[in-house]
Amino acid sequence: MSAGTLETKRDEGYIEASWGRLRPPVPGGAAVAALLSAMLGMLTLAVVNVFTAASPAFNTWVHGIGKLWMPGAEGIGPYSGKETLSLGAWLGSWVVLHFTIGRRDLEVSRWLIVFLVGVGIATTLIWPPVFEYLAGH
């Protein structure tokens, strides 16, 4: 199909239109990798938040992680470490998922449901009544 044309493929049940240069389709795996890595970063933040509330030793360790590289980490306490671990989980999982599923043609709508459930779980775990209950306060 050339630029600026409209092509109908009745046998295949769809219409293809283009007004510019054709680009190859992006596989759904790239979007799924981005969604899942964002979800894993949020879940990491939520789980670390629960464990820092439950264990003073773990809280000190998480704060130490933040102080390794973040300027002003003393002023924000263990939040610096929580964000550092969340950032590491997000970027690390994105690299791994990109190279494992990034070129696969996956159905994004199915994985969007997984993403939304994960975001819901992470949001619930960060809600103070829930994480304080789980931490034993």
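**Exposure, rings and salt bridges**

User: Glu107 has 44% relative accessibility; which exposure class does that put Glu107 in?

Analyst: Happy to help, and please keep in mind that this is a predicted model, where local features need pLDDT of at least 70, side-chain atom pairs count only at pLDDT 80 or more, and totals for chains, interfaces and linings use all residues. Residues are numbered from 1 along each chain as its sequence is written, and side-chain values use heavy atoms, with hydrogens and water left out. Buried means under 20% relative accessible area, exposed over 50%, and partly exposed in between (1.4 Å probe, protein chains only). At 44%, Glu107 is therefore partly exposed.

User: Which residue does Glu107 meet in a salt bridge?

Analyst: A salt bridge here is a side-chain nitrogen of Lys or Arg within 4 Å of a carboxyl oxygen of Asp or Glu. The N to O distance for the Glu107 bridge is 3.6 Å. The partner counts as exposed, at 54% relative accessibility, and it is Arg110.

User: What is the N to O distance in the salt bridge of Glu74 and Lys67?

Analyst: The structure holds 2 salt bridges. In the one that joins Glu74 and Lys67, Glu74 is exposed at 56% relative accessibility, while Lys67 is partly exposed at 42%. Their side chains meet at 3.3 Å.

User: Where do Trp90 and Trp94 lie?

Analyst: Helices (H or I, at least four residues) and strands (E, at least two) are DSSP runs, numbered from the N terminus. The protein chain has 6 helices and 2 strands, in the order β-β-α-α-α-α-α-α from the N terminus on. Trp90 and Trp94 sit 4 residues apart, about one turn of the helix, and that helix is H4 (residues 79-101).

User: How do the rings of Trp90 and Trp94 pair: stacked, edge-to-face or tilted?

Analyst: Rings of Phe, Tyr and Trp (its six-membered ring) pair if their centres lie within 6.5 Å; planes under 30 degrees apart count as stacked, over 60 as edge-to-face and the rest as tilted. By this rule the count comes to 3 aromatic pairs. In the pair of Trp90 and Trp94, the ring centres are 5.7 Å apart and the planes make an angle of 35 degrees, so the pair is tilted.

User: What is the relative accessible area of Trp94?

Analyst: Its pair partner Trp90 is partly exposed, at 30%. Trp94 is partly exposed too, with a relative accessible area of 34%.

User: What percentage of the protein chain's 137 residues count as buried?

Analyst: The percentage is taken over the whole chain of 137 residues. The buried part comes to 28%.
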